[in-house]
Amino acid sequence: MLVHELDLFESEYDALMYGGLPTSMIGSRFQHVAPAGTFASTTFALMFFRTKGCLRLDPTTCFPPGHQYYDVTHNGLDTLVRRMISEMRLLTQDDDVDVAYNGTRYTFMAAVAGADLYEGLQQGAQLFVDWSISRYNQVANLQTILLLVSIGLVCGYFILVLWPHTRKLQRDATRQAALLSLVPPELDVKSHTRAVIRRSTAPGGSKGAKM
């Protein structure tokens with residue numbers, strides 16, 4: 001059982017760091033490939049690979065220089081995780097007679113896993129939460145900008161296109177009303193307009209109209 005869970009943990013950690021599909025998701029309906037978290041932000045790379053500081057929340061409890069666990073706890077979170085996976089893998093391969101609670105593997109787990117690794121993973125998880133929130137805020141800001149641009153385009157259409165066209169229609173209507181006021185009351189304007197259009201569209205109509 002420990003071997004199976006260890007394989008799942010290593011697969012999911014690799015998928016988290018370098019992308020891909022963990023073995024725990026094979027055969028499930030959700031087949032979305034995880035993105036590579038290592039390359040998503042420089043903060044991730046700094047936390048997991050480049051930091052040389054202690055990962056404990058209380059710095060006063062960190063291992064001092066020269067301690068046997070100083071190097072492994074001051075070289076990034078990825079070093080801690082890989083060392084833990086290695087120790088657990090070796091533990092599954094030990095003979096039963098060699099397993100002891102004061103062995104090096106149990107000593108490492110008791111001294112490092114419960115503090116440095118656990119608290120470091122908590123900080124790493126908070127990095128992913130902060131990164132997800134920042135990406136959500138970026139999408140929200142982009143949608144807000146697109147909304148403002150859309151409102152600006154609508155206002156620009158009304159001001160630059162629709163309003164000048166409406167003013168032109170008003171001027172044309174005023175001009176037509178002024179021309180119609182000069183027409184005698186006994187003249188049927190509608191019938192006269194039809195007759196003029198009929199003569200202009202008929203063959204030789206424009207020539208006859210000039211004559």
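Below, a biologist and a modeller talk through how some descriptions of this predicted model are reached.

Modeller: Residues are numbered from 1 along each chain as its sequence is written. In this predicted model, local features need pLDDT of at least 70 and side-chain atom pairs count only at pLDDT 80 or more, while totals for chains, interfaces and linings use all residues, and side-chain values use heavy atoms, with hydrogens and water left out.

Biologist: What makes α1 roughly antiparallel to α4?

Modeller: Helix α1 (residues 2-18) and helix α4 (residues 77-93) pack at an angle of about 160 degrees, with their axes 10 Å apart. Because angles over 145 degrees count as roughly antiparallel, under 35 as roughly parallel, 65 to 115 as roughly perpendicular and the rest as oblique, α1 is roughly antiparallel to α4.

Biologist: Why is L21 called partly exposed?

Modeller: L21 has a relative accessible area of 32%, and buried means under 20%, exposed over 50% and partly exposed in between, with a 1.4 Å probe and protein chains only, so L21 is partly exposed. L21 lies in the loop between α1 and α2 (42-50), and, leaving aside neighbours within four places in sequence, L21 is in contact (heavy atoms within 4.5 Å) with I26, Q31, H32 and V33.

Biologist: How do you know that the protein chain is not a compact globule?

Modeller: The radius of gyration is taken over C-alpha atoms, and the globule rule is 2.2 Å times the number of residues to the power 0.38. A compact globule of 211 residues would have a value near 17 Å, but the protein chain has 40 Å, and its C-alpha atoms fill a box of roughly 125 × 40 × 25 Å, taken along the principal axes.

Note on methods
Axes are lines fitted to C-alpha atoms, for helices over the stretch in contact, and angles run from 0 to 180 degrees between N-to-C directions. Helices (H or I, at least four residues) and strands (E, at least two) are DSSP runs, numbered from the N terminus.
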